[in-house]
Amino acid sequence: MSLLERAERSLADYFEQLVGPQTPPRLAAAMRHAVFSSGARIRPQLCTAVALACGDDAPALSDAMGSAIELMHCASLVHDDMPAFDNADTRRGQPTVHKAFGEPLALLTGDALIVLAYQVLAHAGATQPHRLAALMRSLSAGVGVPSGIVAGQAWECEVRADLSEYQRAKTGALFIAATRGGALAAGADPQPWMALGNYLGEAYQVADDIRDVMGHAQALGKPVGQDVLHGRPSVAQSLGLAGAVLYFQGLMDQAVESIPACGARELLSQVVRRESERLVPTSMCEAVGQPYPHLQAVPAGLSRTAHPSGNAVA
Ligand code: IPE
Ligand code: IPE
Ligand code: MG
Ligand code: MG
């Protein structure tokens with residue numbers, strides 16, 4: 001089973017088990033709308049990939065951690081899209097939850113998904129109670145205060161925010177939870193895996209900033225031009241597009257270099273390289289005069305095709 005299939009199956013199984021028929025039907029439908037859409041599932045896949053690199057001796061636990069992280073991510077998107085934040089009409093190519101179900105249910109959907117993430121962990125952790133506390137701590141650090149998603153979103157309400165602190169909190173922290181969580185679920189030391197989550201998380205938000213300028217709404221499944229519209233700090237603005245692409249490439253190189261020595265190092269490097277091409281494809285790099293020579297090293301057979309958004313260079 002591929003990493004993506006594992007992620008999808010685990011989410012579907014937990015919905016089946018935990019969002020029972022007693023759930024108010026419109027809330028259940030809104031939760032499904034938020035989760036079972038065309039998300040890339042990059043965070044749970046990263047969590048599972050690290051767990052596999054560490055032996056994955058408790059796959060039910062690594063799947064649960066991946067699902068919990070994806071549920072937190074989906075909750076953050078529901079709330080991020082609401083009028084109080086980015087006021088977006090589309091997400092993952094469909095109407096946002098508040099557009100489809102109204103604001104009260106969107107608020108409750110985000111709340112329910114956050115709680116569901118902990119329910120999932122509590123469920124799976126019953127068989128590995130000694131690993132559960134560390135997983136809970138790691139997940140909480142990725143989403144709460146002082147430097148998880150909630151803190152990251154809250155920097156938007158401050159008069160001044162440090163750009164890298166803002167981005168590390170709103171996006172990077174959950175990537176760190178994914179790499180740490182994969183190691184912890186497999187009973188391994190999470191420390192060597194933190195740098196990978198850190199570099200990938202920052203690269204991911206830098207790519208999001210670049211695509212907000214260079215991407216097309218239809219291909220991305222969400223509106224573009226939002227950072228300027230809402231006055232959000234953005235790497236594309238602070239470094240310019242060419243500078244942002246160069247910075248992204250550097251972060252991806254550092255992500256690859258940070259992968260600890262293990263049997264899965266080569267495979268993980270290939271996954272990171274492929275993700276790099278999906279996020280900011282060669283066509284985008286070339287359009288701003290920053291060709292990426294390292295990508296030539298991606299072995300044949302791995303996806304070099306651009307994400308649909310990839311060729312959408314403005
Ligand atoms: C979007 O995340 C929000 C950011 C933190 C950049 P993704 O790009 O992973 O979105 P999905 O899950 O694939 O929709
Ligand atoms: C979203 O950041 C990060 C979250 C914590 C939800 P953005 O507002 O930049 O992400 P998109 O562009 O809406 O996906
Ligand atoms: Mg936002
Ligand atoms: Mg947004």
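# Questions about two ligand shells and the helices around them

Visitor: Which residues surround ligand 1?
Guide: The shell consists of Gly39, Ala40, Ile42, His73, Arg92, Thr171, Tyr204, Gln205 and Asp208. This is a predicted model. Helix α10, residues 194-214, gives the largest share of that shell, three residues.

Visitor: What makes the shell around ligand 1 divide into nonpolar, polar and charged residues as it does?
Guide: There are three nonpolar, four polar and two charged residues. Ala40, Ile42 and Tyr204 belong to the types that count as nonpolar. Arg92 and Asp208 are of charged types. Gly39, His73, Thr171 and Gln205 count as polar, since glycine is put in that class.

Visitor: Which residues surround ligand 2?
Guide: Its shell holds Ser76, Leu77, Asp80, Asp86, Ile149, Gly152, Gln153, Lys170, Thr171, Asp208, Lys222 and Gln226. At least two residues come from each of α4 (59-81), α8 and α9. Thr171 and Asp208 appear in the shells of both ligands.

Visitor: How many residues of each class are in the shell around ligand 2?
Guide: Two are nonpolar, five are polar and five are charged. The charged ones are Asp80, Asp86, Lys170, Asp208 and Lys222.

Visitor: Why is Arg92 called partly exposed?
Guide: A residue needs 20 or more C-beta neighbours to be buried, and 12 or fewer to be exposed. Arg92 has 18 inside 10 Å, so it falls in between. Its place is the loop between β1 (90-91) and β2 (94-95).

Visitor: What sets the backbone of Arg92 apart?
Guide: Its phi is positive, about 50 degrees, although Arg92 is not a glycine. Most residues other than glycine have a negative phi. Arg41 also has a positive phi, of about 60 degrees, and is not a glycine either.

Visitor: How do you know whether Arg41 is buried or exposed?
Guide: The count of other C-beta atoms within 10 Å is 21 for Arg41. The cut-off is 20, therefore Arg41 is buried. This residue lies in the loop between α2 (25-35) and α3 (42-53).

Visitor: Why is α3 described as largely enclosed?
Guide: Twelve of its twelve residues are buried, so the rest of the structure largely encloses it. Among them are Ile42, Arg43, Pro44 and Gln45. The cover over these buried residues includes α1 (3-18), α4, α9 and α14 (265-279).

Visitor: How do the end-to-end distance and the expected span of α3 compare?
Guide: The helix has twelve residues and reaches 16 Å from its first C-alpha to its last, close to the expected 16 Å. Just after it, Gly55 has a positive phi of about 105 degrees.

Visitor: How do you know what span α9 should have?
Guide: The expected span is 1.5 Å times one less than the number of residues. For the 23 residues of α9 (163-185) this gives 33 Å, and the end C-alpha atoms are 32 Å apart, which agrees.

Visitor: Where does α9 bend?
Guide: The bend is at Gly172 and amounts to about 50 degrees. Gly187, which follows the helix, has a positive phi near 75 degrees.

Visitor: Why is α9 also called largely enclosed?
Guide: Of its 23 residues, 20 are buried, so the rest of the structure largely encloses this helix too. Thr179, in α9, is buried with 30 other C-beta atoms within 10 Å. Beyond four places in sequence, Thr179 is in contact with Leu46, Val50, Trp193, Met194, Leu196 and Gly197.

Visitor: Is Ala133, in helix α7, buried or exposed?
Guide: Ala133 has 11 other C-beta atoms within 10 Å. The limit for an exposed residue is 12 or fewer, so Ala133 is exposed.

Visitor: What makes the peptide bond from Val145 to Pro146 stand out?
Guide: That bond is cis, with omega near 10 degrees. Most peptide bonds are trans. Pro146 is in the loop between α7 (129-143) and α8 (149-154).

Visitor: Where does pLDDT stay under 50?
Guide: Residues 295-314 are under 50 throughout, and the model has 38 contacts for them beyond four places in sequence. Where pLDDT is low, the predicted coordinates should not be read in detail. The protein chain averages 91, and 93% of the residues score at least 70.

Notes
Residues numbered from 1 in each chain as written. Chains lettered and ligands numbered in written order. Predicted model: local features only at pLDDT ≥ 70, side-chain atom pairs only at ≥ 80, totals over all residues. Helix = DSSP H or I, 4+ residues; strand = E, 2+ residues; numbered from the N terminus. Near = placed C-beta within 6 Å. Bend = angle between axes of the 7 residues up to and from the residue. Contact = placed C-beta atoms within 7 Å. pLDDT = per-residue confidence, 0-100.
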